[in-house]
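Student: Please take a close look at a single helix in this model and describe how it is packed.

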Amino acid sequence: MLRIPQSIVGRIRVLHLLGWGFAALIVAGVMALGVGMARGVSAMYTEHDPCSLEVIRDSRMSALSAYFKEREDAMVLFAHSREVSGGLTAFSQAYAGVAQLVSGAPTTVADVWRQEVGRFIDQKSEKNGLPLPREEYLGHPSQALILQALYLAKSSEVAVAPETASYRYAYSVWNDALVRMADFGGLKDLMLVDLNGNVVYTARKGLDFAVNLKWNLHPNTGVRKVYDAAVQATEDSRVFQSDLVKSLFEPDSVSIHWAVPVFSGGKKIGVFMASRSSAELNQLMSAVEGLGRTGETYLVGEDFRMRSPSRVFGSSWVLKQEMCVELVKEALESGPIRRVDTNYRGVKALSVAAPLEMSGGRWVVISEMAYDEVMERVQALVRQIAWMGLGVLTCLLGSLYLAYRIVFRMLSETHIR
């Protein structure tokens with residue numbers, strides 16, 4: 001039996017120890033790498049793009065910008081149309097004619113119009129479950145009352161009144177085309193307003209019809225503001241947009257209003273106005289894809305009130321509840337930010353926010369997710385990385401052991417010979 005010299009055995013033992021020492025270093029290195037990667041992932045999720053919240057926020061901002069740009073372009077096209085310029089001219093003249101004819105109407109006749117309109121307002125109040133400003137509304141001039149009695153209250157007595165003949169003729173010529181325009185554009189309503197503030201025409205015939213935007217019925221509202229801005233404008237393609245406006249006549253209705261000055265023959269003749277329901281805006285903001293169980297994206301205005309529905313509370317807080325004051329302030333002053341803080345629901349959340357500039361003001365787009373759910377995702381990714389590291393470590397150790405066995409056998413065979 002051959003014996004391996006002790007000097008060779010000692011060398012093999014040294015090689016054996018060096019091999020296992022090297023393996024231990026590899027294990028320690030892989031473990032350190034795994035810990036570092038886990039910490040890095042955790043930091044990335046809490047400091048950079050947590051759960052893709054910034055991606056979601058930015059996609060919402062892009063969609064909102066495109067939405068408002070499309071609506072502004074449509075407003076310019078409508079304002080330059082023959083239907084708007086021709087209808088505004090005809091209805092303005094007819095409204096002025098009605099005002100002149102009824103200026104000397106007996107009190108008893110005006111009272112009949114007032115009673116008809118009052119009956120209509122009472123019906124609307126009962127339907128909406130909200131008292132409307134009845135007395136203030138019935139204080140309108142006679143030309144407004146007679147047209148409201150005709151088109152809102154559907155008064156049979158006024159339907160053949162000679163005072164409304166010119167208006168009824170303008171209505172027969174232009175109404176169908178303007179209603180089609182409102183339907184085609186998906187408008188909640190379409191309004192033609194003369195330079196004195198008289199709403200000489202509306203497509204939907206709501207309680208805004210025939211009123212004057214300068215009366216106390218519309219003090220400091222978004223409707224009045226965009227109208228005043230359009231009246232002062234000198235460019236025929238300038239579009240003015242309001243913030244979200246709560247309707248004076250419908251308790252649950254929230255709209256956005258646009259106004260464009262209308263010119264004919266180089267002369268300003270009035271203002272084309274349109275409103276859209278906030279439902280379109282809400283649909284853009286309500287998508288929860290990628291936001292898990294607790295995430296949401298919503299809008300907050302400069303007054304710190306919500307502009308889009310909450311995932312939890314729905315529309316009940318829109319234009320009512322102040323929220324995220326510090327977060328909104330910082331976003332408006334400093335631009336895009338992220339922070340971990342207690343949100344408006346009293347839940348610790350990871351939030352990312354950025355300002356959105358519009359012609360109607362500034363909003364802040366906020367995307368957020370409950371911090372517990374964020375950490376669940378972090379931990380899931382850390383576990384995935386750990387399993388991957390364990391697999392890599394197993395492969396390395398297996399390869400090292402195989403290489404060690406091969407080298408040991410080769411050395412043994414060489415010295416035996």
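Tutor: What follows covers helix H6, its burial and its two helix neighbours.

The model is predicted, so local features need pLDDT of at least 70 and side-chain atom pairs count only at pLDDT 80 or more, while totals for chains, interfaces and linings use all residues. Residues are numbered from 1 along each chain as its sequence is written, and side-chain values use heavy atoms, with hydrogens and water left out.

Helix H6 spans residues 142–151; helices (H or I, at least four residues) are DSSP runs, numbered from the N terminus. Nine of the 10 residues of H6 are buried, so the helix is largely enclosed by the rest of the structure. Buried here means under 20% relative accessible area, computed with a 1.4 Å probe on protein chains only. The buried residues are Gln-143, Ala-144, Leu-145, Ile-146, Leu-147, Gln-148, Ala-149, Leu-150 and Tyr-151.

One packing partner is helix H3 (residues 82–102), at an angle of about 110° to H6 and with the axes 8 Å apart. That makes H3 roughly perpendicular to H6, a class that takes in angles of 65 to 115 degrees. Axes are lines fitted to C-alpha atoms, for helices over the stretch in contact, and angles run from 0 to 180 degrees between N-to-C directions. H3 passes H6 in a right-handed crossing, that is, the near helix is turned clockwise from the far one by less than a right angle. From H3, Tyr-95, Val-98, Ala-99 and Val-102 meet Ser-142, Gln-143, Ala-144, Ile-146 and Leu-147 of H6, where contact means heavy atoms within 4.5 Å. By class, this contact of H3 with H6 has seven nonpolar, two polar and no charged residues. Ala, Val, Leu, Ile, Met, Phe, Trp, Tyr, Cys and Pro count as nonpolar, Asp, Glu, Lys and Arg as charged, and the others, Gly among them, as polar.

Another partner is helix H7 (residues 165–184), which packs with H6 at an angle of about 50°, the axes being 11 Å apart. That makes H6 oblique to H7; oblique covers the angles left over once those under 35 degrees (roughly parallel), over 145 (roughly antiparallel) and 65 to 115 are set aside. The crossing of H6 and H7 is right-handed. Here Leu-147, Leu-150 and Tyr-151 in H6 meet Tyr-167, Arg-168 and Tyr-171 in H7. The residues of this contact divide into five nonpolar, no polar and one charged. Leu-147 of H6 thus appears in both contacts, with H3 and with H7.

How values were computed:
Buried < 20%, exposed > 50% of the residue type's maximum accessible area, 1.4 Å probe, protein only.
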